[in-house]
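Here is a short briefing on a protein model with a ligand. It covers two loop residues, the ligand shell and helix packing.

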Amino acid sequence: MSTATVVGAGIAGLTAAVGLHRTGWSVRVLEQEPEVRTSGTAVLLHRATVTGLESLGLGAGIRALAIPLTGLQVRTRTALPITPSRPRPGAVLIERADLVGLLRESLPEPALLLDHPVPAGGLPSACVDAALVVGADGIHSTLRDELFGSAYRAAATGTTVWRGTADLVTSGLTEYWGQRRRFGISSRPSGGTNWYATAVLPPSRPGAARADLEELRSLFGHWDAAVASTVARISEASVLRHEIFHLARRLPRYHLGNVALIGDAAHAMTPDLGRGANEAVLDAMSLVGNLEVHHRVDSALAAYDRSRRRTTQRTATGSAAVHTLIHRLPWQPIPNPCRGR
Ligand SMILES: Cc1cc2nc3c(=O)[nH]c(=O)nc-3n(C[C@H](O)[C@H](O)[C@H](O)COP(=O)(O)OP(=O)(O)OC[C@H]3O[C@@H](n4cnc5c(N)ncnc54)[C@H](O)[C@@H]3O)c2cc1C
């Protein structure tokens, strides 16, 4: 049995580890944190991602924990439609903690080594001895640095994102755009509402939930009633805030030697298309599938690179373009045709 070392127990690393385990690899996952991270709100999974996870045996769990996405629409901050409300057949919303939990349950317990950071400047023996190393260590990837150098570090976009839950009932997913800001509202699988908001703001002090609430009220409290009522019912303890980073410079390849990069380590993108976790799962599925087909690890990694690099880099470019559209272009107020009559 060949040994694979996966670095990072996020959605990418856990999906790869489950797939490798199911196809006969002896897998160990090195995670730097003392616990697998589950923070965050619901993740939108597209149909192909759900199909991939079903093939790993997670279908029943997803059906039990996720809810179908009934519609997706973009509106202006005053609720004029920018896009029609479209159903997304096969797409679901699932809490990040539930998805991570399902993946974790599918791995044999000893495979996951918590509190095992891979240090910069030299791979540990668990990597050196393995036939395959999967770099799934996220946006600030140490393995990416090792393979391609500091020129390929993630860069700050200058945009802040807040996420959390609110105590009210909504359906589908609606984004409101205006004033170089965005507010998104979606139904929550466990009941209630998920929301997220973005604005161009300098990085700020962490952790002050009350200050965040005041900032959110002043930025979005005067928007359409659906946004204002969500902002008014935000659960203070749920608010997460951080800066958005992305990999502005495309990697020339997603593998070197016996190391493959997947997920945010390979193509960290802005969250504007809601694709990062989906691409992470699809990378892992592609990697595992190619390892099944090709007898040599180097041929499998080259095939993985061919099947995933162009498509994920195109998606990252699209996501960055939407990010610019929302946050950087001057927004003219849309004239109200009824005003002055
Ligand atoms: C606000 C926001 C909303 C989003 N919403 C969506 C959405 O709706 N749909 C969607 O598809 N995507 C979404 N995304 C993107 C998605 O969250 C990420 O693309 C995805 O989680 C990346 O998974 P990953 O496993 O590659 O990385 P991560 O989840 O970052 O996991 C990396 C893991 O590696 C570990 N690690 C790091 N360095 C080391 C080291 N040196 N040694 C050992 N372990 C290490 C970390 O602790 C972590 O556990 C969103 C992102 C943001 C910021």
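Arg 180 sits in the loop that joins strand 10 (173-178) to strand 11 (181-187). The model is predicted. Its loops hold two residues with positive phi, Asp 115 and Arg 180. Helix 9 (residues 276-293) packs with helix 10 (residues 297-327) and also gives residues to the ligand shell.

**Backbone in the loops**

- Most residues other than glycine have a negative phi.
- Arg 180 is not a glycine, yet its phi is positive, near 60 degrees.
- Arg 180 has 15 other C-beta atoms within 10 Å, so it is partly exposed.
- Asp 115 is also not a glycine, and its phi is positive at about 60 degrees.
- The loop of Asp 115 runs between strand 7 (112-113) and helix 4 (125-128).
- Asp 115 is exposed, because 10 other C-beta atoms lie within 10 Å of its own.

**Ligand shell**

- The ligand has 34 residues around it.
- Nearest to the ligand come Gly 8, Gly 10, Gly 138, Gly 263 and Gly 276.
- Two or more shell residues come from each of helix 1 (11-22), strand 3 (42-45), strand 9 (155-166), helix 8 (264-267) and helix 9.
- Helix 9 gives the most, with 4 residues.
- The shell divides by class into 17 nonpolar, 10 polar and 7 charged residues.

**Helix 9 against helix 10**

- Two packed helices are described by the angle between their axes and the distance between the axes.
- For helix 9 and helix 10, the angle is about 160 degrees and the axes are 8 Å apart.
- Helix 9 is therefore roughly antiparallel to helix 10, since the angle is over 145 degrees.
- Their crossing is right-handed.
- Helix 9 makes this contact through Glu 279, Asp 283, Ser 286, Leu 287, Asn 290 and Leu 291.
- Helix 10 brings Ala 300, Ala 303, Tyr 304, Ser 307, Arg 308, Thr 312 and Thr 315.
- The contact residues of helix 9 and helix 10 comprise 5 nonpolar, 5 polar and 3 charged.

**Helix 9 against helix 2**

- Helix 2 (residues 47-65) crosses helix 9 at roughly 45 degrees, and the axes come within 9 Å.
- That angle makes helix 2 oblique to helix 9.
- The crossing of helix 2 and helix 9 is left-handed.
- From helix 2, the contact takes in Ala 48, Thr 49, Gly 52 and Leu 53.
- These meet Asn 278, Val 281, Leu 282 and Met 285 of helix 9.
- The contact of helix 2 with helix 9 has 5 nonpolar, 3 polar and no charged residues.

Terms used:
Residues numbered from 1 in each chain as written. Predicted model: local features only at pLDDT ≥ 70, side-chain atom pairs only at ≥ 80, totals over all residues. Axes fitted to C-alpha atoms, helices over the stretch in contact; angles between N-to-C directions. Parallel < 35°, antiparallel > 145°, perpendicular 65-115°, else oblique. Left-handed = near helix turned anticlockwise from the far one by under 90°. Contact = placed C-beta atoms within 7 Å. Nonpolar A, V, L, I, M, F, W, Y, C, P; charged D, E, K, R; others polar. Buried ≥ 20, exposed ≤ 12 C-beta atoms within 10 Å, placed from the backbone. Near = placed C-beta within 6 Å.
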